Amino acid sequence: MDVTKGEFVGAVTALHFSADGSLLYAAVGCTLYVYDSATGKMFTSPLSIWSQGTIHGIDIGRTRTSSLVLCFGQKQLGLVTSFPDSSSEVTPLSPSIVATECMDWILDARLLLDDMDSSKVALPKIAVGLSHNMVHIWDPSTQAMLQRCQSQVTQRLHRHVWSVAGECLATLSGHLDTNVWRVAVHPIHTTWVATGGGDNAIKLWDVDSHIANQSLVHVKAVPTLVAPSATTNDGGLVAERSKKNHHAMAVRSLVALASSIVWISDQGHVGKSSWSAHAPAVVQQFQSNVCCVAATTDLIAVGDVTGHLRMLSGTSLAELAIVQGHMGRIMSIWIIETSHREIGGVTVFTTGVDLTLREWTFHSPTSSLTLVATYQCPSKNGCISALAIPTTDGGNDDRTLLWCGDARGNLCVPRQVYQYRAHDMGVNCVCIRPTGATTFDIVSGGDDQCITHAAVDATDRSNITVRHLHGKRNASASALKAIQAMDDVVVAAGYDQRVTAWEMNGGHEWTRRGVAYSECADIAGVALRRCDGGAIEAVVVGKGMQTIAFR
């Protein structure tokens with residue numbers, strides 16, 4: 001199923017397929033939208049059922065002369081006649097609406113088509129289920145309530161799709177909001193499912209393909225992180241002891257290294273845990289509200305909501321330096337490591353809500369931070385969200401070509417005062433693939449679920465040229481969070497934990513090489529390496545670490 005991504009129109013509160021499955025009805029507030037199921041494009045103009053309120057449910061039917069769509073929500077009912085019920089209809093219809101308001105909240109409503117005598121009446125009666133166990137029968141032809149009764153038992157039915165053995169077949173993760181409000185199953189292709197969520201999106205799924213992609217190569221879970229109930233007197237450094245002396249805490253962010261995990265909590269903790277479940281963790285607690293972290297083997301950088309930047313020892317977590325980095329919350333931190341590191345200095349980049357990107361040098365011998373440069377974010381209302389630096393043939397990083405992505409979809413080179421629009425929404429990840437001494441490809445992933453690809457020629461630093469290539473639209477079912485390129489292969493990981501490998505095909509139309517679903521929640525990064533036999537192995541890190549081989 002190849003669906004074109006349309007504009008978000010609002011939180012989806014009801015979904016229903018037409019009888020032949022060719023149309024999808026979607027409710028947003030009190031407005032009914034109709035989409036072509038095969039293309040995802042809007043089939044006809046939106047129709048407002050009421051002047052205000054919210055549609056919570058839909059039922060459909062047909063008489064001998066007209067198609068019917070019943071909408072209900074809150075205390076309102078609306079019956080639409082002469083409404084499209086198939087994508088094969090070419091003659092424009094003129095829908096009409098019969099509406100009424102009930103005495104109580106409507107929980108369900110259904111067209112009574114089986115009881116309809118089409119020779120006598122034009123419209124069917126409607127059964128309405130209300131709060132407080134009430135059931136009403138409404139006649140839309142006369143707009144009268146014909147019958148009222150009260151049931152003795154209240155029952156709420158929830159529908160789930162499981163295997164016969166009671167096993168969950170697949171988890172369909174893709175909505176950005178935590179709430180998936182409505183589900184509809186295609187009447188003919190029963191493995192096609194439509195979902196609507198609080199993220200203002202409608203998504204179409206092929207359940208069979210998701211079941212097929214549930215296999216994983218290897219998964220390693222992060223050891224359980226616990227906060228100490230007390231600290232020692234030597235600066236607050238503690239190790240894990242018995243579980244009775246600890247209480248659970250929420251991990252706000254983490255960085256996965258080769259032998260350890262550096263993490264921060266919602267209670268001001270900075271910790272370092274080994275991948276071994278039996279090794280103790282080292283924890284430091286600060287009085288400030290820490291919100292972002294970056295780490296290498298021997299150095300940790302932490303930012304907080306007041307704009308302070310701290311540099312910590314990578315082994316003991318002792319505080320080495322602290323500065324007021326930004327006016328307000330620090331949003332992201334990057335530590336730049338290369339094989340040709342400056343003697344005694346490490347480069348750190350920070351971005352904050354003050355819409356600036358700042359470059360720092362940390363001097364190890366003196367444990368001091370020096371501000372090197374400050375750049376203004378290209379967008380007036382979006383801070384830098386991704387960063388990458390190309391390397392020269394000798395392996396040195398070329399910082400005159402620092403590339404940044406911001407929360408408004410722009411890619412820019414702050415030092416060259418150059419930028420272009422790469423995404424419709426925020427840029428979350430950027431990677432650079434060298435193609436020559438002064439040329440390289442830049443690949444980015446964003447909240448718009450797309451991958452952009454551009455070829456950059458930086459031979460003339462005063463006149464950088466960018467040639468936009470194909471990339472991949474609708475590359476994911478959710479926002480892309482991490483991306484890396486190796487040779488002609490790009491591997492991208494999304495918010496929905498789907499990891500996909502793409503063949504770039506020399507800048508022409510991309511093709512999918514493989515896809516797998518990770519069990520690592522909150523994916524933060526991807527690293528690639530070439531295995532024996534030509535396979536590419538992707539190491540995915542987040543709340544856990546997983547390796548996936550693409551052959």
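**Exercise 1. In this predicted model, work out how the side chains of Asp304 and Arg310 meet, and into which network they are linked.**

Solution. Begin with the pair itself: the side chains of Asp304 and Arg310 meet in a salt bridge, with an N to O distance of 3.3 Å, which lies within the 4 Å cut-off. Next, consider the surroundings of the two partners, where Asp304 is buried and Arg310 is buried as well. Finally, extend the view beyond the pair, since Asp304, Arg310 and Glu319 are linked in a network of salt bridges.

**Exercise 2. Place the residues of this network in the sheet that is built from strands E23, E24, E25 and E26, starting from the order of the strands.**

Solution. The sheet is open and has 4 strands in the order E23-E24-E25-E26, with antiparallel pairing. Its edge strands are E23 (290-295) and E26 (319-324), each of which pairs on one side only, and from one strand to the next the twist averages 20°. Now turn to the pair E24 and E25: strand E24 covers residues 299-304 and strand E25 covers residues 308-313, and the two run antiparallel, joined by 5 bridges. By these ranges, Asp304 belongs to E24 and Arg310 to E25, while Glu319 belongs to the edge strand E26. Across the pairing, the residue that stands opposite Arg310 is Val302. As background, strands of a sheet pair through backbone hydrogen bonds, in either a parallel or an antiparallel manner.

**Exercise 3. Compare the burial of the partners in two further salt bridges, Asp441 with Arg433 and Arg529 with Glu537.**

Solution. The structure holds 11 salt bridges. In one of them, the side chains of Asp441 and Arg433 meet at 2.6 Å, N to O, and both of these residues are buried. In another, Arg529 is joined to Glu537, with the closest N and O atoms 2.7 Å apart. Here the partners have to be classified separately: Glu537 counts as buried because its relative accessibility is 15%, which is under the 20% limit, whereas Arg529, with a relative accessible area of 45%, is partly exposed.

**Exercise 4. Decide whether Lys472 counts as buried or exposed, and list the residues that Lys472 touches.**

Solution. Locate the residue first: Lys472 sits in the loop between strand E38 (465-468) and strand E39 (480-486). The relative accessibility of Lys472 is 18%, and therefore this lysine counts as buried. Leaving aside residues up to four places away in sequence, Lys472 touches Cys450, Ile451, Trp502, Glu509 and Trp510.

Notes
Residues are numbered from 1 along each chain as its sequence is written. This is a predicted model: local features need pLDDT of at least 70, side-chain atom pairs count only at pLDDT 80 or more; totals for chains, interfaces and linings use all residues. Side-chain values use heavy atoms; hydrogens and water are left out. Buried means under 20% relative accessible area, exposed over 50%, partly exposed in between (1.4 Å probe, protein chains only). Contact means heavy atoms within 4.5 Å. Two strands pair if DSSP finds at least two bridges between them. Axes are lines fitted to C-alpha atoms, for helices over the stretch in contact, and angles run from 0 to 180 degrees between N-to-C directions.
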